[in-house]
Amino acid sequence: MNRAVVVGASLAGLHAAQALRRQGFDGELTLIGDEPHYPYDRPPLSKEFLTGPGDVDKLRLRAAADPDALGVRWLLGRRAVGLNRHEPSGGQVLLDGGEAVDFDGLVVATGARPRRLAPELDGIHTLRSLDDAVGLREAFDAGPARVVVIGFGFIGAEVAASARARGLEVTVLEAAEAPLARVLDAEAGMAVADLHRGHGVDVRLGATLTGFTVDGRAVTGVELGDGTVIEASVVVAGIGVTPNTGWLEGAGLTLDDGLVADETCLAAPGIVVAGDVGRWPNPRFDRLIRVEQWDNAVEMGGYAGRRLLAWGRGEAVEPFAPVPWFWSDQYDRKIQLAGVPGPGVAMAQGTLAEQRFVRVYHRDGVVVGALCWNRPRQAIQARELVGREAPLDEALQVLG
Ligand SMILES: Cc1cc2nc3c(=O)[nH]c(=O)nc-3n(C[C@H](O)[C@H](O)[C@H](O)COP(=O)(O)OP(=O)(O)OC[C@H]3O[C@@H](n4cnc5c(N)ncnc54)[C@H](O)[C@@H]3O)c2cc1C
């Protein structure tokens with residue numbers, strides 16, 4: 001393998017490029033990204049970037065602090081629009097503007113983009129990129145009378161907390177009966193709702209959005225299924241993401257809610273996937289999973305770089321089998337989830353009402369996850385317990 005190309009110049013792509021170099025790849029390495037910026041960190045965009053001084057320079061990812069140090073050809077502000085594959089491996093990435101970049105090995109790390117509400121109106125925001133965050137920050141700076149957040153996932157919850165920290169009135173609308181239904185159990189989700197209510201957020205669960213009130217092209221409010229209109233000039237849609245796989249269509253890869261790969265993140269000979277765009281059978285689970293978490297993007301990026309080199313050298317590798325791990329900062333709470341929720345639940349420490357607890361998830365007495373609120377030490381221990389599938393009794397003792 002002489003030419004490696006990474007598409008997606010962000011967290012996963014950068015760690016893949018770094019791993020390739022660290023493992024001794026000395027061929028041509030090209031990093032292609034459609035954003036004009038060097039790789040930056042997204043988690044602060046919904047947190048301190050909205051509430052603090054909004055310092056863009058502080059967001060740059062450490063691994064990209066000196067862009068020349070990696071020995072990478074940066075193609076920023078360039079979008080991959082297609083992929084030509086050669087037999088038995090290698091090919092070309094097609095860029096907007098007509099250029100083609102040849103590769104022997106390819107890392108796909110194009111992440112995901114937010115789902116959008118229709119119609120697209122002035123004042124309706126999504127939050128994924130730095131440019132999105134700059135726009136939302138400016139909207140907050142204008143001091144709107146109310147911010148409406150649609151969707152009570154982690155992004156919606158963090159934006160709501162940041163808007164409250166800025167002294168803004170906030171309503172959060174969620175169609176489900178509990179927040180974060182996809183990621184937590186319903187009781188824990190309700191604890192998140194209580195946390196926000198305690199900070200003055202107008203939380204409406206089971207709420208259906210039926211439309212918007214407008215003034216020309218600008219949103220002035222949202223209309224609910226029960227006929228209520230909530231006036232707001234700033235609306236933030238946090239309704240999930242779609243993996244960026246459009247540019248891979250027609251290339252003979254398996255695209256199904258992400259680029260599907262084997263348990264070593266190999267999607268085809270010489271093509272690996274990393275980060276939010278990848279779906280693979282993590283051996284810890286009995287299904288394909290796609291993970292939208294910072295830690296996974298770092299680990300999977302590093303793994304993908306090593307995997308690609310191993311492919312080039314004809315070497316075998318272990319499957320990629322991490323324990324998922326996620327954090328979210330809301331108000332003065334650090335919420336951390338190691339592993340995944342399971343059918344069984346036990347409290348190792350504290351109560352949901354106290355909003356400081358360790359909640360253990362298990363399946364048939366085997367620990368599969370733990371939710372820790374303001375318990376960072378236990379979150380690290382929990383990850384280790386989940387990793388070795390510890391019995392529930394031991395977990396309750398260690399985390400208690
Ligand atoms: C506001 C926000 C807050 C978050 N907070 C947390 C948190 O608290 N905890 C946590 O664990 N996770 C958090 N996350 C999730 C975490 O940031 C993501 O999991 C991580 O960024 C995924 O990295 P990635 O490199 O896979 O994808 P991305 O970061 O999405 O990067 C993909 C890159 O590829 C580019 N791209 C897409 N298509 C193309 C194309 N065709 N050609 C060229 N380039 C392309 C994109 O523009 C982007 O630059 C947060 C995410 C957001 C948006």
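In this report, Ala, Val, Leu, Ile, Met, Phe, Trp, Tyr, Cys and Pro count as nonpolar, Asp, Glu, Lys and Arg count as charged, and the others, Gly among them, count as polar. With these classes in hand, we can begin with the ligand, bearing in mind that the structure is a predicted model.

**The shell around the ligand**

By class, the shell around the ligand is made up of 17 nonpolar, eleven polar and eight charged residues. Of the 36 residues around the ligand, the ones that come nearest are G8, S10, A12, G111 and G275. Several elements contribute to this shell, since at least two residues are supplied by each of α1 (11-22), β2 (28-33), α6 (294-313) and β22 (325-330).

The chain is assigned to domain 1 (3-113 + 242-313), domain 2 (116-237) and domain 3 (332-399). At least three residues of the shell around the ligand are drawn from domain 1, and at least three from domain 2. As for domain 3, its C-alpha centre lies 31 Å from that of domain 1.

**A parallel sheet**

In which order do the five strands of the open sheet stand? The order is β9-β16-β10-β11-β12, and the pairing is parallel. At the edges are β9 (124-125) and β12 (202-205), each of which pairs on one side only.

Strand β16 (residues 234-237) is joined to strand β10 (residues 147-150) by four bridges, and the two strands run parallel. Within this pair, V147 stands opposite V234 of β16, and V148 has V235 of β16 as its bridge partner. β16 also pairs with β9 in the parallel sense, here over two bridges, and I124 stands opposite V235 in β16. Are the residues on the two faces of β16 buried or exposed? V234 and V236 on one side, and V235 and A237 on the other, are all buried, and both faces of β16 are thus covered.

**A hairpin and two cis peptide bonds**

Strand β4 (residues 80-85) and strand β5 (residues 91-95) run antiparallel and are joined by five bridges. In this pair, A80 stands opposite L95 of β5. The hairpin of β4 and β5 has five residues between the strands, and in this hairpin G90 takes a positive phi near 85°. P88 is also found in the loop between β4 and β5, and a cis peptide bond with an omega of about 0° joins E87 to P88. Another cis peptide bond joins A118 and P119, with omega at about -5°, and P119 is found in the loop between β8 (112-114) and β9.

**Helix α8 and its two sides**

Helix α8 (residues 392-399) has L392, A395 and L399 among its residues, and these three are buried. They lie on the same side of α8, because they cover an arc of only 60° around the axis. D393, E394 and Q397, which are on the other side of α8, are exposed. Which elements do the buried residues of α8 pack against? Their partners are the strands β24 (344-351), β25 (356-363) and β26 (366-373), together with the helix α7 (376-387).

**Two residues with positive phi**

Two loop residues that are not glycine nevertheless have a positive phi, and the table sets them out.

| Residue | Phi | Loop |
|---|---|---|
| N374 | about 50° | between β26 and α7 |
| E389 | near 50° | between α7 and α8 |

N374 counts as partly exposed because 17 other C-beta atoms lie within 10 Å, a number that falls between the limits of 20 or more for a buried residue and 12 or fewer for an exposed one. E389 is likewise partly exposed, with 14 other C-beta atoms within 10 Å.

**A glycine in a loop**

G54 has its place in the loop between α2 (48-51) and β3 (73-76). Is G54 buried, exposed or in between? G54 is partly exposed, because 17 other C-beta atoms lie within 10 Å. Leaving aside the neighbours within four places in sequence, the residues in contact with G54 are F49 and R137. Between G54 and A297, which are 243 residues apart along the chain, the separation of the C-alpha atoms is 24 Å.

How values were computed. Residues are numbered from 1 along each chain as its sequence is written. This is a predicted model: local features need pLDDT of at least 70, side-chain atom pairs count only at pLDDT 80 or more; totals for chains, interfaces and linings use all residues. The arc is that of the directions from the helix axis to the C-beta atoms. Two residues are in contact if their C-beta atoms, placed from the backbone, lie within 7 Å. Two strands pair if DSSP finds at least two bridges between them. A residue is near a molecule or strand if its C-beta atom, placed from the backbone, lies within 6 Å of it. Domain bounds come from an automatic or database domain assignment.
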